[in-house]
Structures are given as C-alpha cells and as structure tokens.
Amino acid sequence: MKQTQVVSLIITEKCNLACKYCYVVEENVGYHNQKNIVMTDEVIHRAIPFIIYNIAPTCENLRIDLYGGESMLEFDKIKFFVERFEPFAKTEGVWDKTQILIFTNGTTATEEIMLWMKPYFPKVDFSFSVDGTENSQNSTRVYKDGSGSYSKVIENFELFKKIFDLPENESIHSRSVHTLSPDNIQYLMDTILDYKIQGISSYHTFLCKDDIWSPKDIEEYRKQRKLSTDFLIKEFPETGMMDKYMVLLMQRQRYKQKGECSSGKTLISITQNGDLYPCHRLYQGSRAAKFKIGDIWKGIDKTSTYLGTLEKLGIDTIKECINCKYGIRDSCNFQCTSARFESATTKGNIFKVIPSICELLYIDHQSAAALNKALSGNLNFEILFM
Ligand code: SF4
Ligand code: SF4
C-alpha cells in the first residue's frame, strides 16, 4: 500500500496572473494561454466515488489537490466538491486519512471564501505559491498587465490570519512554496536576509525544472545557492533557520534515496472533462493522446502507453542517469517528465534528461552535502529529519 497518494483535480485553467514560468502552456502557442475550461458539476459528482472507491483503498494517506490555473476563480466548484466529498468520505471511512489542499496564487481569496473554509480548516487548507519577498515575487508572479502581485497577496494573508486566528507574527512565507526561476534567482539571498529580519525560520524553495535556464542563469543560481547555504550553516545553530527543500535533499543523501517524478506513481490527475492523466502537467496539447491513462467512468487503463513505460523512466533506467557524470544518482532529486517532454533539448524524448537541469541538480546536491557536513554535529540537527 502506498504511504501517500495525491489526486489532483484541475478545476479550471483560468488564471488572473501571468507568471513568467507558468506551465499552463500549449506547445507552439506559448505561455499564458490558459483556456476558459471549467470542471462540470457532473464530473465533480462522478470524481468523488472514483476517488473514494478506486484511489483511497490503495493508500494510507490521501491528498486531494484542487488545482488551476487559479482554482479559486471557480470557488463554487471547490465548494461543490468539498461539501459533497466530506459526508461521502465520512460514511466510507476515508475522511480521517484525507487532506484537501486548495492551490492558490494568494490573490483571489475573499472573506466569503475564507469564512466558508473555516469549519473545514486545517483538513481543507491553502497551498500558497509565493516567490519570496517583494522584488522576487514581483519579478515572476505578475498580473496580465505586468504589474506585481505581492501587495495583494500580503493583504489577503492578513485577512487569512485574522479569520483563521493565526498568530500575529505568522508569515505567508512559512506557508508557501517559492519557485526559483531565471527571473527571480538574483533575489534569493536578499529574500532570505529579509526572512531573517521578519523572524521566519522555515521556508520552502523549489527549483523550476523546465528547460529555461541559460548558462548565465545557472551561474547566478550557483552563486545564490552558495551564498544561501553558507548563510544557513551560520544561522541554523542559533535560529534554526532552514529551507525545507534542502532538508529533503539532505535526507536523500543521508538515506540514499533517489528522487523520482511522481506522475502515474503516487500522483493521478482528473481533468475538467473527467479524463485521467498521470500529472496535472501532462494533459495539454499533443500530450493529451500520449499520456492519457483512463477516465473516471471506466477507471484507470492499465494497458495505456504511459503506464507501460513508467518502469523505464527512472534514475535506474535512463542511460545518462546510470552513467551520471556528476556521480549523484544515489540521491539525485531527478527531473520532471513534463519538462523533459516539452524541452527543446530533449525534443520530446522523455527517456532523456535535460543537461542544464542536471547542472542545477548538482548545485543543489553540493549545497545539501555542505549542510549535512557542517551541521551533523549540531544538537538540533536530528530534529530536521523527524
Ligand atoms: S544529475 Fe542528471 S544524469 Fe545525474 S542522476 Fe540526476 S538527472 Fe540523472
Ligand atoms: S511530470 Fe513534473 S510536475 Fe508532474 S509529477 Fe512529474 S515532476 Fe511533478
């Protein structure tokens, strides 16, 4: 039985932002081409028993991610799903092991939405995507007219804290994922210094693994990761300040855990029309026919092409990984299947890796190794791995 299974429901592709690294793209059309498609009530209605009877019995913990675009632009659909899922899941004994996360860019939640959500919290929670402090966030997460979204995110989070009775000093940066991309990487160290001033001890960076990094961007990444790693080594013993992404990588090194792309393994996605895909990134454009693995009416098609290739898609089977030139395959965080499919370098061949992403993964690996080495004698160090 799997420890955790994630089911993502792609409620809509609509979005009010135009983030520079957005993956809601159509090949040959470009970024920010989100369509106005919305999941129908009929699909939501049918997805609930599918999740409860087909997915929940295969795992100890069930996580349901409500995705967009910006999922909350279709708040009525979220409400419709949660209000029907809860009683059904309670009757079938699935509710206790379920966590529902509403993925949001932080700009759209209104008082009405938060008040509705309060009785379900924290069983139903937000997962915020916020790229660090003001300069960083406003470099990547912008509105369609190019203006930054930071002030709106902070305004909404203040309301969130009030309605959910969170401590006054709680920061959105401890509850969000900060995607590092070429457009904001130069702000990483400044952002971390700002976190220190704000008293934030735990934050979560995430490497954008799409093939969009130039050699110059990679050099900037190397510089910023080195600066931030040296800073964490100095700060951790005193303040406990740490990056959750680094903790994951440190764990991989400690216990020799290889990373993997969870698509089709511990992740399954339901599209707006009820089709099943291995991941919320693998269903658009020409990906549709190639990666479809069933639908909510007939269930998972175990004979589908993608599921048939899954075993050949890992670090132990991809040729470049077997001969990894960086010598890190025992604990590499690995690459994204969708990014490899879209990459101009791999030309749609998902059995190849993107060389520029390998370079970034190696930089991350070196940072984690430095943290492991410098901190392993520290009394608080073991707490990281609990
Ligand atoms: S660095 Fe690249 S080649 Fe090496 S194991 Fe990781 S993904 Fe594979
Ligand atoms: S395809 Fe990419 S986004 Fe999807 S599960 Fe794999 S790594 Fe994650």
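These are my notebook entries on what I looked up in this structure, which is a predicted model.

**Entry 1, overall form.** I began with the whole chain, and counted 13 helices and eleven strands in the protein. The C-alpha trace spans about 55 × 50 × 45 Å along its principal axes. I then checked the radius of gyration: a compact globule of 386 residues would have one near 21 Å, and the protein has 21 Å, so the two agree. Of the 386 residues, I noted that 54% are buried.

**Entry 2, strand β6.** Which side chains of β6 are buried? Going along residues 202–207, I found that Y203, T205 and L207 point to one face and are buried, whereas S202, H204 and F206 point to the other face and are not. This fits the general pattern, in which the side chains of a regular strand alternate between the two faces of the sheet.

**Entry 3, the partners of β6.** I looked next at the strands that pair with β6, taking β5 to begin with. Strand β5, residues 176–180, runs parallel to β6 and is joined to it by four bridges, and within this pair H178 stands opposite T205 of β6. Following the chain from β5 to β6, I passed through helix α6, residues 188–198, in a β-α-β crossover that is right-handed.

I then turned to strand β7, residues 242–243, which pairs with β6 in the parallel sense over two bridges. Here Y203, one of the buried residues of β6, stands opposite D243 in β7. The chain goes from β6 to β7 by way of helix α7, residues 215–239, and this β-α-β crossover is right-handed.

**Entry 4, ligand 1.** Which residues lie around ligand 1? I listed E320, C321, C324, Y326, I328, R329, C332, F334, Q335, C358 and L361. The elements that give two or more residues to this shell are α11, residues 319–322, and α13, residues 355–375. Sorted by class, the shell around ligand 1 holds eight nonpolar residues, one polar residue and two charged ones.

**Entry 5, ligand 2.** Around ligand 2 I found C261, S262, S263, L267, C279, R281, C336, T337 and S338. By class, this shell has four nonpolar, four polar and one charged residues. Which domains supply residues to the shell around ligand 2? I noted that at least three residues come from each of domain 1, covering 1–129 and 262–312, and domain 2, covering 209–260 and 313–386.

Definitions and conventions: Residues are numbered from 1 along each chain as its sequence is written. Chains are lettered from A and ligands numbered from 1 in the order in which they are written. This is a predicted model: local features need pLDDT of at least 70, side-chain atom pairs count only at pLDDT 80 or more; totals for chains, interfaces and linings use all residues. Side-chain values use heavy atoms; hydrogens and water are left out. A residue is near a molecule or strand if one of its heavy atoms lies within 4 Å of it. Ala, Val, Leu, Ile, Met, Phe, Trp, Tyr, Cys and Pro count as nonpolar, Asp, Glu, Lys and Arg as charged, and the others, Gly among them, as polar. Buried means under 20% relative accessible area, exposed over 50%, partly exposed in between (1.4 Å probe, protein chains only). Two strands pair if DSSP finds at least two bridges between them. A crossover is right-handed if, with the strands pointing away from the viewer, the path from the first strand over the helix to the second runs clockwise. Domain bounds come from an automatic or database domain assignment. The radius of gyration is taken over C-alpha atoms; the globule rule is 2.2 Å times the number of residues to the power 0.38.
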